[in-house]
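Subject: Handing over a structure, with notes on what was found

Hello,

I am passing a structure on to you so that you can look through it at your own pace. Please open it first and keep it beside you while you read the notes underneath.

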Amino acid sequence: MSTDPSSGDLARARGLLEDAARVFILTGAGISAESGVPTFRGEDGLWRSYRPEELATPQAFRKDPRLVWEWYAWRRGKVSDCEPNPGHRALARLALARPARIVTQNVDGLHEVAARDEADGSDWSAASPLELHGSLFRVRCTECAYHGRDRADIDATDRDTLPSCPECAALLRPDIVWFGEALDPLVLSAAFDEAREADLCLVVGTSAVVQPAASLPRITREAGGSVIEVNPQTTPLTDFADVALKGPAGIVLPTLMGD
Ligand code: APR
């Protein structure tokens with residue numbers, strides 16, 4: 001993408017952003033690429049000889065919760081070494097400054113870190129993302145309704161050292177949507193409401209093939225809104241978008257927002 005503000009696409013995108021009363025932001029793995037977050041299936045994402053499909057399932061957790069927690073402890077450690085990049089930060093500033101909602105498919109927690117950093121001690125909740133697939137840094141109880149955020153180290157040396165529920169003492173599990181599980185219907189319906197109410201959908205770093213997230217830009221469009229895509233590659237959404245800004249999120253987003 002040309003970062004020259006007079007370039008047609010960038011000027012159009014800026015116009016859409018300025019005119020939007022409410023912005024819906026959908027992100028995927030690409031927003032975290034420049035932070036160095038290991039991809040799920042890439043070489044950095046592999047752990048011992050296991051494939052993610054063997055560990056990220058309710059069956060695997062029932063069979064061997066210690067092993068699954070050990071893997072999540074390792075993934076948390078990898079992601080904790082990463083920092084939000086200028087793309088996360090630009091989105092956090094946008095959501096703190098104007099009516100906007102960040103909805104992410106990522107489980108890396110980096111939108112939350114960026115929101116806290118950019119809010120600099122004040123209320124960061126406006127930039128708190130709706131996490132469609134859960135988060136590595138959230139837990140929930142296997143028995144009761146307890147949910148919590150948790151960045152503590154996991155001790156997975158033994159079944160007895162695994163995290164337990166502060167309310168009922170049962171085993172906690174990662175609050176992640178595993179293979180074979182449905183997305184939380186409340187989170188999903190909140191995301192669809194946000195997409196419908198927005199007059200601009202900004203889609204960043206997603207291949208736009210995994211449902212139901214891939215339908216969300218279409219919901220904004222059907223409700224009369226516009227769509228901007230930020231992605232260095234062509235996706236199934238590129239032709240559908242009103243403007244496609246081709247480039248890495250860490251450069252395109254701060255430029256789009258005039259930072
Ligand atoms: N800036 C913006 N986009 C980028 C960048 C970057 N620096 N680098 C890569 N991308 C784009 C790629 O071109 C690709 O279109 O990010 C997209 C990443 O696509 P996927 O890896 O398929 O990630 P995502 O769309 O988030 O996957 C959705 O599928 O694997 C499951 O549950 C997992 O949440 C994930 C879901």
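The notes below begin with the whole chain, then turn to three helices, and end with some single residues.

Please keep in mind from the start that this is a predicted model.

**The chain as a whole**

The chain holds nine helices and nine strands, and its C-alpha trace spans about 60 × 35 × 35 Å along the principal axes. A compact globule of 259 residues would have a radius of gyration near 18 Å, and because the chain has 19 Å, the two values agree. Of the 259 residues, 51% count as buried, while the chain exposes about 12,000 Å², of which carbon and sulfur atoms supply 49%. If you look at contacts between residues at least 6 apart in sequence, you will find that 72% of them join residues at least 24 apart. As for charge, the chain has 27 positive and 39 negative charges, and the mean positions of the two sets are 3 Å apart.

**Helices H5, H9 and H6**

A good place to begin is helix H5, which runs over residues 86-97. At 1.5 Å a residue its twelve residues should span 16 Å, and since its end C-alpha atoms are 16 Å apart, the model agrees with that expectation. The buried residues of H5 are Gly87, His88, Ala90, Leu91, Ala92, Leu94 and Ala95. What covers them includes three helices, namely H1 (8-19), H6 (110-119) and H9 (249-256), together with the strands S1 (23-27), S2 (100-104) and S7 (200-204).

Helix H9, which is part of that cover, is itself mostly covered, with seven of its eight residues buried. These buried residues are Ala249, Gly250, Val252, Leu253, Pro254, Thr255 and Leu256, and the elements that cover them include H1, H5, S7, S8 and S9. Just after H9 comes glycine 258, which takes a positive phi of about 70°.

Helix H6 has Leu110, His111, Glu112, Ala114, Ala115 and Ala119 as its buried residues, and these pack against H5, the strands S1 and S2, and strand S5 (147-149).

**Backbone angles to look at**

Most residues other than glycine have a negative phi, and most peptide bonds are trans. With that in mind, which residue takes a positive phi just after H6? It is aspartate 120, with a phi of about 50°, although this residue is not a glycine. Aspartate 120 is found in the loop between H6 and strand S3 (130-131), and because its relative accessible area is 67%, it counts as exposed.

Arginine 48 is another residue other than glycine with a positive phi, here near 45°. You will find arginine 48 in the loop between S1 and helix H2 (52-55), where its relative accessible area of 53% makes it exposed.

There is also a cis peptide bond, which joins glutamine 211 and proline 212 and has an omega of about 0°. Proline 212 has its place in the loop between S7 and helix H8 (216-222).

**Two residues to compare by eye**

Alanine 241 is found in the loop between strand S8 (226-230) and strand S9 (243-245). Is this residue buried or exposed? Its relative accessibility is 11%, and because buried means under 20%, alanine 241 counts as buried. Leaving aside its neighbours within four places in sequence, alanine 241 is in contact with Arg221, Val227 and Glu229. You may also like to locate valine 203, which is 38 residues away from alanine 241 along the chain, with 9.1 Å separating the two C-alpha atoms.

Glutamate 18, by contrast, lies in helix H1 and is exposed, with a relative accessible area of 62%. Between glutamate 18 and alanine 182 there are 36 Å from one C-alpha atom to the other, and the two residues are 164 residues apart along the chain.

When you go through the structure yourself, I would suggest starting from H5 and following the elements that cover its buried residues, which include H6 and H9, before you turn to the single residues.

Best wishes

Technical notes:
Residues numbered from 1 in each chain as written. Predicted model: local features only at pLDDT ≥ 70, side-chain atom pairs only at ≥ 80, totals over all residues. Heavy atoms only, no water. Helix = DSSP H or I, 4+ residues; strand = E, 2+ residues; numbered from the N terminus. Buried < 20%, exposed > 50% of the residue type's maximum accessible area, 1.4 Å probe, protein only. Contact = heavy atoms within 4.5 Å. Rg over C-alpha atoms; globule rule 2.2 N^0.38 Å. Areas by Shrake-Rupley, 256 points an atom, 1.4 Å probe, with all protein chains shown as cover. Lys, Arg positive; Asp, Glu negative; His and termini not counted. Charge placed at Lys NZ, Arg CZ, Asp CG, Glu CD. Expected span 1.5 Å × (residues − 1).
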